[in-house]
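Colleague: Before I examine the details, please set each value against the definition behind it. I should like to know how each conclusion is reached.

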Amino acid sequence: MDALKHIAIIMDGNGRWAKKQGKIRTFGHNAGAKKVIEVTKRVSQLGIKYLSLYAFSTENWKREKSEVDFLMKLLSKFLKKELKTLMENNIKFRIIGDLSKFSKSLQNVINNTIEKTKNNSGMTQILAINYGSRDEIIRAVNSIEKETITQKDLENALDTKDFCDVDMLIRTGGEKRLSNFLLWQSAYAELFFTKTLWPDFSLEELDHIIMNFKQRERRYGGI
Ligand code: IPE
Ligand code: IPE
Ligand code: MG
């Protein structure tokens, strides 16, 4: 069995979860944020080194301004609240994505969380915000001052340079696509798609997916 070092999750379905109960979409985002804490704790307790969570894509700016504004406020509130969990569970916090589009105050909250947790030695929680693989790859390529670049050069210039490749990628919410998430890093990831909407995702289902992962044979092109 291959080691499971890096789980990535496309946390989709918050809006539909809220709609199903006759509530507005933002209600689902609040529930989704609570779920992040629950899942993060479990993954860290399992001794898995990296957990990457897709929270806001480079394409999500297309949404109505009111929803985007809500998500930005939620992110800041969430980080302030999550710090306690991160410290209690020895979790390091990192982000991937282009921070420059965020307000100075949100950038401060993000950097403060990174700074306060930087000496934690357990799991690393990686939040993908204003993240898109294509944007990440282009930023990386433009930062390399070499005429011919190798795979290693590119990897060392990606936002994920400090982390290993994705072993398991889970998408909740029923869609079977990657939506521009960790395309390079998931080249040999095992993919899991579930119809469960993110706020309904349970630790039992997570355990079940991990059990299933352990039964898969990863050949990497070999035999
Ligand atoms: C995922 O849930 C969270 C974000 C993209 C911020 P959605 O908001 O995409 O929920 P659905 O897919 O519309 O149900
Ligand atoms: C992917 O979900 C992005 C996040 C979960 C943050 P989307 O809801 O934005 O993806 P599409 O639009 O269905 O592909
Ligand atoms: Mg969605």
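**Strands, cores and ligand sites**

Modeller: In strand β6, Ile170 stands opposite Phe192. This is a predicted model, in which local features need pLDDT of at least 70, side-chain atom pairs count only at pLDDT 80 or more, and totals for chains, interfaces and linings use all residues. Residues are numbered from 1 along each chain as its sequence is written, chains are lettered from A and ligands numbered from 1 in the order in which they are written, and side-chain values use heavy atoms, without hydrogens and water.

Colleague: What makes β5 and β6 a pair?

Modeller: Strands are DSSP runs of E with at least two residues, helices are runs of H or I with at least four, and both are numbered from the N terminus. Two strands pair if DSSP finds at least two bridges between them. β5 (residues 168-171) and β6 (residues 190-193) are joined by four bridges in the parallel sense, so they satisfy that rule. Met168 has Glu190 as its bridge partner in β6.

Colleague: How do you know that β1 also pairs with β5?

Modeller: Four bridges join these two strands, which run parallel, and the rule is therefore met again. Within this pairing, Ile9 is partnered by Ile170 of β5.

Colleague: Which side chains of β5 are buried?

Modeller: Buried means under 20% relative accessible area, exposed over 50%, and partly exposed in between, with a 1.4 Å probe and protein chains only. Met168 and Ile170 on one side of β5, and Leu169 and Arg171 on the other, are all buried, which leaves both faces covered. In β6, Glu190 and Phe192 point to one face and are buried, while Leu191 and Phe193 point to the other and are not. In a regular strand the side chains alternate between the two faces of the sheet.

Colleague: Why is Gly13 called buried?

Modeller: Gly13 has a relative accessibility of 2%, and therefore counts as buried. Its place is in the loop between β1 (6-10) and α1 (14-20). Contact means heavy atoms within 4.5 Å; not counting residues up to four places away in sequence, Gly13 touches Gly173, Leu197, Trp198 and Pro199.

Colleague: Why does Arg218 count as buried?

Modeller: The relative accessibility of Arg218 is 11%, so this arginine counts as buried. Arg218 lies in the segment after α7 (203-215).

Colleague: What makes the approach of Arg218 to Asp167 a polar contact?

Modeller: A polar contact is a pair of N or O atoms within 3.5 Å; within protein, one must be able to donate a hydrogen and the other to accept it, and residues adjacent in sequence count only if both atoms are side-chain atoms. The side chains of Arg218 and Asp167 are joined at 3.1 Å. A polar side-chain atom of Arg218 is also 2.9 Å from the backbone oxygen of Tyr188.

Colleague: Why is Ser76 called buried?

Modeller: With 16% relative accessibility, Ser76 counts as buried. Ser76 is found in helix α3, and beyond its neighbours within four places in sequence it is in contact with Leu106 and Val109.

Colleague: What makes a set of residues a nonpolar core?

Modeller: The set consists of buried Ala, Val, Leu, Ile, Met, Phe, Trp, Tyr and Cys residues joined through side-chain atoms within 4.5 Å. The largest here has 42 residues, of which Ile7, Ile9, Ile129, Met168 and Ile170 touch the most other members. Helix α3 (residues 65-88) gives the most to this core, with eight residues. A second, separate core of 14 residues includes Ala8, Tyr50, Ile96 and Leu182. In soluble globular proteins, nonpolar side chains tend to be buried together.

Colleague: Which residues surround ligand 2?

Modeller: A residue is near a molecule or strand if one of its heavy atoms lies within 4 Å of it. Those surrounding ligand 2 include Asp12, Tyr54, Asn60, Arg171 and Arg177. Oxygen atoms of ligand 2 lie 2.9 Å from a side-chain N or O atom of Asn60, 3.3 Å from a polar side-chain atom of Arg171 and 2.8 Å from one of Arg177. The protein covers 77% of the 390 Å² of accessible area that ligand 2 has on its own; such areas come from the Shrake-Rupley method with a 1.4 Å probe, and for residues only the protein chains shown count as cover.

Colleague: Which backbone atoms lie by the oxygen atoms of ligand 1?

Modeller: A backbone N or O atom of Gly13 is 3.4 Å from an oxygen atom of ligand 1, and one of Asn14 is 3.2 Å from such an oxygen. For a polar backbone atom of Gly15 the distance is 2.9 Å. Taken alone, ligand 1 exposes 370 Å², and the protein buries 86% of that.
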